[in-house]
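Here are a few exercises to work through with the model open beside you. Try each task before you read its solution.

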Amino acid sequence: MDLSSPIPLQAFLTLAASLFCIGVWGLINSRNAVRVLMSIELMLNAVNINLMAFSNYIDGQLIRGQVFAIFVITVAAAEAAVGLAILLSLYRNRETVDMERFNLLRW
């Protein structure tokens, strides 16, 4: 492969789609709350790859995709911090991170 040739847009889209599908699969099939948070992070990173790829291929000189990716990274960091804080308090109360045993809001 010639190093001077750019990577096609389809390669980035395929990578992002596969990461997003892995994240959705982990979100649906996981009982562990930490795995659920990791799956959400995978999905958000797949969105970031799409934003960066489309920004590079559509408007090369403008940085709109990069700015949106920074916002997504900021929201993901806040989500991870709040999610881990909630999980820590649930673990202290229930001594488990199994999603099926979290029934604090049930009557």
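**Exercise 1: the whole chain**

What does the accessible surface of the chain come to, and what percentage of it belongs to carbon and sulfur atoms? Then sketch the order of the elements.

*Solution.* Keep in mind that this is a predicted model. Start with the surface: the total is about 8000 Å², and carbon and sulfur atoms hold 68% of it. Next, burial: 21% of the chain's 107 residues count as buried. Now the elements: you should find three helices and zero strands, so to speak an α-α-α run from the N terminus on. Finally, look at the contacts between residues at least 6 apart in sequence: 55% of them join residues at least 24 apart.

**Exercise 2: helix α1**

Check the span of α1 against 1.5 Å a residue, then work out where its buried residues sit around the axis.

*Solution.* Step one is the ruler. Helix α1 covers residues 9-29, which makes 21 residues, and these should span 30 Å. The C-alpha atoms at its ends are 30 Å apart, so the two values agree.

Step two is burial, with under 20% relative accessible area as the cut-off. Ala 16, Gly 23 and Gly 26 are the buried residues of α1. Looking down the axis of α1, you see them fall within an arc of 90°, so they line one face of the helix.

Step three: what lies on either side? The buried residues pack against α2. On the face turned away from the buried side you meet the exposed residues Gln 10, Thr 14, Cys 21, Trp 25 and Ile 28.

**Exercise 3: helix α2**

Do the ruler check for α2, look at how it starts, and find its packing partners.

*Solution.* With 26 residues, α2 reaches 38 Å from first C-alpha to last, close to the 38 Å expected. At its start, a side-chain oxygen of Asn 32 comes to within 3.1 Å of the backbone nitrogen of Val 34. Buried residues of α2 include Ala 33, Val 36, Leu 37, Met 43 and Asn 48. The buried set packs against both α1 and α3 (64-94).

**Exercise 4: Asn 48**

Is Asn 48 buried or exposed, and which residues does Asn 48 contact beyond its neighbours within four places in sequence?

*Solution.* First, place the residue: Asn 48 belongs to helix α2. Its relative accessibility is 9%, so Asn 48 counts as buried. Then set aside the neighbours within four places in sequence, and Asn 48 is left in contact with Ala 69, Val 72 and Ile 73.

Definitions and conventions:
Residues are numbered from 1 along each chain as its sequence is written. This is a predicted model: local features need pLDDT of at least 70, side-chain atom pairs count only at pLDDT 80 or more; totals for chains, interfaces and linings use all residues. Side-chain values use heavy atoms; hydrogens and water are left out. Helices (H or I, at least four residues) and strands (E, at least two) are DSSP runs, numbered from the N terminus. The expected span of a helix is 1.5 Å times one less than its number of residues. Buried means under 20% relative accessible area, exposed over 50%, partly exposed in between (1.4 Å probe, protein chains only). The arc is that of the directions from the helix axis to the C-beta atoms. Contact means heavy atoms within 4.5 Å. A polar contact is a pair of N or O atoms within 3.5 Å; within protein, one must be able to donate a hydrogen and the other to accept it, and residues adjacent in sequence count only if both atoms are side-chain atoms. Accessible areas come from the Shrake-Rupley method with a 1.4 Å probe; for residues, only the protein chains shown count as cover.
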